[in-house]
Amino acid sequence: MPAPALLLLAATLLPLAAFALLLFTGRRLGAPLAGWVATVFAAAAFTSSIAAMIAWFQGGHYPEGDWGKGQLPIYLAAKWLPIGGAAPHGGSGIGQDHIGYLDIGIYVDSLTILMFAMVTLLGLLGCAFGIGYMRREGGYGKFFAYAALLTFATLGMAIGGTLLHLFVFWGIGGLATYLLVGFWEDRPSAARAAVKTALAQRIGDTAFLVGVGILLGAVGNLSLPDLWSYLMPGAAGQVSPLPGGGSLGPGLLTLAGALLVLGAAARSAQFPLHFWLADSAEAPAPAAALIQSVATVVVGVYAVARLYPILTPGAKLLLAILGATTLTMGALVALVQRDLRRVLTFSTISQFGLIMLAMGIGSWIGGLMHLFAHAFFKPLLILGAGSVVYAARQSTDLEAMGGLARKLPVTAVVCAIAVLAMAGTPFLSGFYSSSTILSDAGAFASIATRAGRSSAYWLLFVLPAVGVYLTAFYGGRWWMLVFAGTTRDRPAFERARERTSLWFPLVVLAVGSIGGGRYFNVQPLLESAAMEMDAIVRDVQSKDDFFRGRAFSAPLARAWPDTTATSSAGEALDGATAPRARWTRWAFAIGIALAALIYSRGLLIPRQLLRFTPLRWLHAWLSHAMYFDELYASVFVSTTLALSWLCAWLDRRIINGIAARSVRLVRRLSAAMAFPDARVVKGAAIGINRMARRRKSTGEGPDSPAGGDR
């Protein structure tokens with residue numbers, strides 16, 4: 001096994017070992033030893049990931065060819081589930097490495113290397129933060145066990161080379177997320193949040209599984225390189241011919257892609273299954289950071305990134321619409337939230353909407369760049385909020401805070417860096433990715449216009465452009481209400497103390513938020529990942545005679561609205577640089593300055609604005625997250641409860657009544673047919689026995705001499 005694959009496999013298994021150890025010994029280890037054990041395992045996993053990155057840069061050779069950065073990926077498959085002759089086209093799946101079996105495999109390329117470095121680093125920082133943060137809470141060892149399980153699940157999915165492999169770890173990650181969201185099971189709000197999380201994810205899992213089933217039924221193979229190689233024509237809206245004379249039409253492939261997109265959207269908290277992530281704030285701060293920057297990243301966005309080469313234009317357009325809707329909704333709701341943590345959860349929903357929109361319009365590299373930028377500034381904000389909550393002794397009301405920069409100077413500075421990065425401030429991590437996405441969105445809309453498509457395509461540029469302003473504003477509002485001005489709760493202010501043991505993760509993430517977009521080699525590695533996907537597709541096609549004479553496009557060729565031709569990056573940027581520069585160049589400064597102006601005097605100006613009835617109504621609507629929880633409760637929960645009541649009534653009154661009447665009927669029929677009752681038979685037997693004993697005692701029985709003479 002090549003060194004990078006072996007090292008990444010070790011990095012995957014280390015969190016599993018930590019989970020098993022802490023599950024059985026965490027309570028006995030207690031605080032802080034259980035936290036240090038988890039941190040040591042997380043550090044070992046991070047070290048293995050960095051060693052794998054170094055080995056990947058050096059490259060190597062195995063029988064299929066040279067692997068390494070810009071070369072072939074490493075793909076190792078092992079047979080797992082037998083499917084016999086159920087697969088189409090001659091009884092075996094197309095391109096199967098093990099005929100008659102579904103494989104579970106390891107796939108390593110530059111994107112995998114980046115994912116492992118990011119996930120293991122965040123896992124390490126989350127454990128380091130939790131050592132001090134969780135000492136006041138119960139279930140100390142249990143928390144670190146659940147966090148290790150979540151890290152194991154995300155790493156297992158990141159290294160997966162087949163859809164079957166992805167789905168297995170998809171389920172493990174869902175279990176870990178459920179356990180962390182409901183960590184404080186004695187709190188009704190946490191229990192409800194865990195149930196909502198499980199429900200939303202199960203709905204998405206069902207859609208994803210049906211999509212996987214469609215691909216399995218049509219192709220008989222779930223290996224990612226083989227799916228890319230055979231189904232690439234579908235990415236351009238064409239029929240995908242298959243060996244053996246079969247084919248997969250764009251309609252069926254669009255249906256499969258739409259179901260896969262919906263499954264990934266549910267895990268990444270996209271509309272209409274976005275509601276669960278808002279309640280993930282019920283988890284402890286380190287767990288919320290992992291959920292919002294690791295679990296949703298790998299399970300949702302990473303799945304879309306891997307499935308991107310087989311998504312049809314229709315499926316990509318669905319993804320873009322869901323992303324645009326989600327980013328707008330999340331940003332608007334985040335503007336007015338009072339809870340310190342819910343502002344950040346709705347911000348996460350909005351940011352993931354931007355990433356999904358990028359994938360849908362063809363900005364594969366831009367979306368993943370923003371994914372890695374988000375992995376620095378959002379955990380920094382969540383852990384910074386945890387530091388504030390820890391200092392303020394569990395107070396989370398923004399309107400009861402203020403002036404905490406004097407008490408928590410380090411937390412205030414690092415959170416300011418995170419807000420600036422999230423707002424797209426030049427030279428910080430969020431600037432490069434958001435600029436790329438907006439440029440590609442403008443290009444997408446421009447090409448759609450030239451192709452004679454609907455002007456509604458411009459919404460896919462206008463909405464993220466407006467979202468940049470909203471992001472800067474709610475980020476500035478959040479910081480101003482927490483750290484600026486004078487305190488609005490003097491007792492909480494007086495008892496606030498900054499804990500130095502929480503500084504290390506915050507400072508590391510602040511450094512990443514500053515240099516993550518420019519100095520961490522993210523964009524070159526993503527460009528290499530695209531080259532490596534092309535390389536493995538060419539390798540698969542070169543070994544199959546079916547591909548001789550066929551001209552298939554590269555896996556990451558952009559499917560713009562004009563599907564008759566692809567667009568190069570240069571042509572795309574020419575169409576959007578001007579509107580992007582004109583509309584959003586100073587968005588970060590305008591949004592933050594407006595927030596500073598409105599909240600410079602605390603809540604005085606906002607309360608004055610709420611005297612206007614339309615603004616008050618709008619504020620109430622957004623404060624309740626557009627009443628989606630109430631809508632779902634009235635439509636789905638109430639309907640389910642009504643059906644349950646109806647079924648109970650039918651069971652109690654109808655089914656039980658029929659059963660009772662049937663019993664009475666049987667008894668009456670038995671009596672009418674004069675069958676002897678068991679009690680009558682038993683009584684007769686007792687009488688005969690008594691008579692026999694009496695006759696024997698009087699000498700009248702057949703054994704007595706007198707009886708015999710008679």
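**Notes on a buried glutamine and two helix pairs**

1. A good place to start is Q292, which sits in helix α11, spanning residues 285-307. Please keep in mind that this is a predicted model. Q292 has a relative accessible area of 2%, and since buried means under 20%, the residue counts as buried.

2. What does the side chain of Q292 join through a polar contact? The partner is the side chain of S280, at 3.5 Å. S280 also appears among the residues that Q292 touches, once those up to four places away in sequence are set aside. The others in that set are L277, L344, T345, T348, F352, H374 and I382.

3. Next, have a look at helix α13 (residues 340-361) and helix α14 (residues 364-391), whose axes come within 9 Å and cross at roughly 175°. Angles over 145 degrees count as roughly antiparallel, so α13 and α14 are roughly antiparallel to each other. Sorted by class, their contact holds 16 nonpolar, six polar and one charged residues.

4. The other pair is helix α15 (residues 409-422) with helix α19 (residues 503-515), packed at an angle of about 30° with axes 9 Å apart. Because angles under 35 degrees count as roughly parallel, α15 is roughly parallel to α19. The crossing of α15 past α19 is left-handed.

5. Which residues make the contact between α15 and α19? From α15 come V410, T411, V414, I417 and A421, and from α19 come W503, L506, A510, S513 and I514. Eight of these contact residues are nonpolar, two are polar and none is charged.

Methods:
Residues numbered from 1 in each chain as written. Predicted model: local features only at pLDDT ≥ 70, side-chain atom pairs only at ≥ 80, totals over all residues. Heavy atoms only, no water. Axes fitted to C-alpha atoms, helices over the stretch in contact; angles between N-to-C directions. Helix = DSSP H or I, 4+ residues; strand = E, 2+ residues; numbered from the N terminus. Parallel < 35°, antiparallel > 145°, perpendicular 65-115°, else oblique. Left-handed = near helix turned anticlockwise from the far one by under 90°. Contact = heavy atoms within 4.5 Å. Nonpolar A, V, L, I, M, F, W, Y, C, P; charged D, E, K, R; others polar. Buried < 20%, exposed > 50% of the residue type's maximum accessible area, 1.4 Å probe, protein only. Polar contact = N/O pair within 3.5 Å; in protein donor to acceptor, adjacent residues only side chain to side chain.
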